[in-house]
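Colleague: I am new to this model and would like a close look at one part of it, chain A, and then at what lies around it. Could you walk me through it step by step?

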Amino acid sequence: MKLRKSSAAIATGLVLSLALTACGGDSDDKGGGKIAIGIKFDQPGVGLKTPDGKYVGFDVDVATYVAKELGYDAKDIEWKQTPSAQRETMIANGDVKFIAASYSINDERKQKVSFAGPYFLAHQDLLVRADDTSITEPSSLNSKKLCSVVGSTSAQNVKEKLAPKANLQEQGGYSECLTGLENKAVDALTTDDSILAGFAAQKQHQGKFKLVGLRLSDERYGIGLKKGDTKLQGDINKALEKMKSDGSWEKFVKANFGPANYKNEPAPEITEKG
Amino acid sequence: MFDFLDSGQYDLLEAFWVTVKLTVYSAIGSLIWGTLLAGMRVGPVPMMRAFGTGYVNVVRNTPLTVIIVACSLALNQTLGVTLGSEDFKVIGFRLAVLGLIAYTGTFVCEALRSGINTVPVGQAEAARALGLSFTQVLTSIILPQAFRSVVAPLANVLIALTKNTTVAAAIGVAEASLLMKEMIENEADAIFAVFSVFAFGFIVLTLPTGLVLGWVAKRVAVKR
Amino acid sequence: MTSVLYDAPGPKAKTRNIIYTVVFVAVLGLVAWWVLGAMADKNQLAAEKWSPFVKDSNVWTTFLLPGLLETLKAAGLALAIALPLGALLGIGRLSDHAWIRVSVGTVVEFFRAIPVLMLMLFASAAFAGFTDLDSDIRPLYAVVTGLVLYNASVIAEIVRAGILSLPSGQTDAAKAIGMTKSQTMAFVLLPQAVTAMLPALVSQLVVIVKDTALGGVLLGLGELLYQARPITANYGANTIATLVVISLIYIVLNFILTSIASALERHARRTKKTTGAVVDIKKIDAGLGGGAA
């Protein structure tokens with residue numbers, strides 16, 4: 001009798017653990033447990049994994065705030081790296097609940113994912129050496145050596161619209177461009193001014209680089225989420241509104257972009273609804 | 001299924017042409033650099049032997065990706081080497097060729113060294129008895145025979161080099177694999193078609209090399 | 001053997017060698033001086049760019065060591081899967097049945113002709129499109145799949161060459177005592193071929209380790225080289241310093257593997273228990289693999 005009981009218990013245990021592993025894949029679907037959020041790991045000021053294993057940056061602060069409003073503690077957040085090319089796939093596959101990773105809202109992306117926000121308005125801009133005053137307008141780029149990240153929208157923008165004749169070097173990452181800029185192999189690094197401000201604000205770079213302040217494009221950063229999830233979209237929008245009204249937005253901007261002397265735009269109106 | 005080929009959006013031939021150019025320039029360069037390295041490694045000057053050995057051991061054990069990225073970062077961006085061009089596209093291509101030569105040269109060197117080993121000792125002894133110097137022994141007696149016995153291994157190096165040119169994508173050289181990456185991202189529903197097109201391209205490039213050089217290897221091999 | 005190529009240096013040759021040495025060292029010194037000068041000039045030797053690797057142990061524990069572990073994991077998995085698969089393919093190419101020989105041969109030649117990078121790109125796209133693999137693990141699967149497809153084909157050739165290197169008397173003797181073909185393969189040929197193959201297999205591991213670096217730059221696998229990105233983002237774009245440190249790790253790791261390979265080769269040639277035959281990787285793969293990056 002005893003034996004049968006224990007074997008029954010073992011059987012139940014087995015079945016339970018099987019069932020648990022079976023739904024382990026989508027256990028972060030419901031509130032209360034963990035939440036997976038996609039950010040960038042390599043953009044100082046925006047989303048950065050630091051050597052002590054922490055995550056810092058404006059997107060991280062915003063995402064933490066939003067998660068808190070959705071009912072998740074900071075310690076329940078599982079940060080996931082979302083490289084630009086994989087953002088849509090990762091949302092569609094349910095790898096992350098939402099993405100806050102310098103993710104500009106545009107029509108092409110809206111066909112695959114839904115957005116909440118925007119929560120920030122950035123512009124494509126140029127980072128140049130602090131003593132360089134030769135670039136004042138977009139057309140002066142045509143005689144310059146530019147650097148950007150391979151396959152990025154900023155690179156496309158330069159090639160197609162801004163300065164088709166500019167000599168554009170495409171590197172694997174921003175750091176490589178910064179090395180080129182520091183060593184005078186290129187004249188300017190171009191991407192969103194928020195990212196540039198983050199790099200310029202790093203203590204190793206202080207006094208070396210400056211933003212030109214050209215507003216070459218409008219990049220409205222939104223929070224990407226599964227297409228058609230209007231409930232989550234509404235909840236996140238509510239959280240973003242609250243973030244603006246209680247002064248947290250201002251605080252996050254100052255903390256992350258402040259040191260770069262970056263003139264940020266005021267908090268944008270929320271446009272992505274239902 | 002293959003309709004993306006007709007859209008005119010992708011220039012496949014251009015991309016493969018870049019692959020071919022990378023291969024040809026790098027092959028010529030590595031043959032020269034590899035022979036020089038082999039010469040240093042078997043030569044009488046201890047310093048050069050040490051350099052040759054050190055170079056081969058370091059470079060052969062480094063991933064090609066690292067070498068090519070280093071060419072771009074260190075040579076171009078820090079040392080200001082532009083290889084005679086102002087256009088970043090041209091510079092990138094030339095840097096990739098340089099990286100491929102630096103890497104492939106070590107394999108040419110090692111193949112040649114094993115070829116030198118196959119030449120009977122008597123050949124070198126006879127040459128020295130005639131009063132030939134080291135350079136003369138190497139260039140007119142040993143190397144001509146060594147090359148004939150290493151055609152097959154060198155053919156393998158060439159095939160590997162052809163495939164290795166894809167690594168140039170890491171510094172944005174617009175060769176076949178970069179185009180394939182772009183096409184995979186844009187044509188997500190036709191990835192099998194995209195893959196088979198590029199696979200076919202590489203089979204066309206590498207298979208004849210293997211067959212022709214295999215035949216040449218048999219023709220020129222020194223009968224011993 | 002080198003000494004066969006030139007006479008033992010006399011007084012004149014000795015002076016000449018010294019002159020060559022001096023000139024050669026001078027040229028190397030000039031190059032080094034130019035490189036270091038330019039780096040110092042461009043502020044690349046600044047302590048702040050290099051000190052994190054010495055002073056901040058977090059660089060190692062958060063980025064470099066986990067990266068190295070990922071590299072070893074991908075390489076180890078790839079070898080563990082490619083080895084049995086390659087052995088099967090290699091034996092298949094020696095089959096007495098033409099249809100097995102030809103079809104296995106086609107598969108092997110196909111995967112040897114295509115760059116590893118392309119196999120990885122394709123595997124990554126296929127996993128993203130047709131499976132619901134978690135995004136954390138997808139790059140690893142894609143990299144391992146690419147490496148396995150390619151390296152199984154190379155290992156197949158190593159196994160085939162290893163078996164062919166054995167004297168035909170071995171097969172004849174096995175037949176004479178009434179062993180079947182599979183018994184001959186399993187108990188006579190394969191065990192002896194392993195010794196001949198071992199150095200080539202370890203060399204192939206070096207190729208695999210180097211090829212994992214492809215997965216970082218183009219697929220986002222968190223391997224060693226990929227760690228350059230978060231490190232340089234944290235320490236003010238110290239790209240050169242980071243690249244130097246990372247290459248040193250690769251060089252040391254692969255140098256150890258290469259040394260093991262040559263020690264095994266020397267052992268195989270010396271020992272009397274085997275035929276003393278050794279598979280020369282250069283005949284198969286030129287030692288650099290197809291996509292050897």
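Modeller: Happy to: we start with chain A, then follow its contact with chain B and end with chains B and C.

A word on conventions: residues are numbered from 1 along each chain as its sequence is written, and chains are lettered from A and ligands numbered from 1 in the order in which they are written. This is a predicted model, in which local features need pLDDT of at least 70, side-chain atom pairs count only at pLDDT 80 or more, and totals for chains, interfaces and linings use all residues.

Chain A has 9 helices and 12 strands; helices (H or I, at least four residues) and strands (E, at least two) are DSSP runs, numbered from the N terminus. Of the 274 residues in chain A, 45% are buried. Here a residue is buried if 20 or more other C-beta atoms lie within 10 Å of its own, exposed if 12 or fewer, and partly exposed in between, with C-beta atoms placed from the backbone.

Chain A is divided into two parts: domain 1 covers 30-122 + 220-260, and domain 2 covers 123-211. These bounds come from an automatic or database domain assignment. Taken over C-alpha atoms, the centres of the two domains of chain A are 25 Å apart. Where they meet, 14 residues of domain 1 are in contact with 12 residues of domain 2 of chain A. On the domain 1 side, β2 (42-43), β7 (113-129) and α9 (248-257) of chain A each give two or more residues. That side of domain 1 holds 8 nonpolar, 5 polar and 1 charged residues. Two residues are in contact if their C-beta atoms, placed from the backbone, lie within 7 Å. For the classes, Ala, Val, Leu, Ile, Met, Phe, Trp, Tyr, Cys and Pro count as nonpolar, Asp, Glu, Lys and Arg as charged, and the others, Gly among them, as polar. Contacts in chain A also reach along the sequence: among those between residues at least 6 apart, 71% join residues at least 24 apart.

Strand β2 of chain A also belongs to an open sheet of 3 strands, in the order β2-β3-β4, with antiparallel pairing. At its edges are β2 and β4 (55-56) of chain A, each pairing on one side only. Two strands pair if DSSP finds at least two bridges between them; β2(A) and β3 (residues 47-49) of chain A share 2 bridges. In this pairing, Q43(A) stands opposite G47(A) in β3(A).

Strand β7 of chain A has a detail of its own, since P118(A) sits in it. The peptide bond from G117(A) to P118(A) is cis, with omega near 5°. Most residues other than glycine have a negative phi, and most peptide bonds are trans. Looking to I223(A), its contacts beyond four places in sequence include F115(A), A116(A), G117(A) and Y119(A), along with V66(A) and F98(A). I223(A) is also one of the residues that touch the most other members of the largest nonpolar core, which has 220 residues; A100(A), L127(A), A96(B) and M120(C) are the others. Such a core is a set of buried Ala, Val, Leu, Ile, Met, Phe, Trp, Tyr and Cys residues joined through C-beta atoms within 7 Å.

Now to the neighbouring chains. Between chains A and B, the contact takes 12 residues from chain A and 11 from chain B. On the chain A side, β9 (167-171) and α6 (174-182) each give two or more residues, and β9(A) gives the most, with 4. By class, this side of chain A divides into 4 nonpolar, 6 polar and 2 charged residues.

In chain B, L83(B) lies in the loop between α3 (64-78) and α4 (88-118). Its phi is near 55°, a positive value in a residue other than glycine. L83(B) counts as partly exposed because it has 15 C-beta neighbours inside 10 Å.

Finally, chain C meets chain B through 55 residues of chain C and 57 of chain B. On the chain C side, α11(C) provides the largest share, 10 residues. The chain C side has 36 nonpolar, 13 polar and 6 charged residues.
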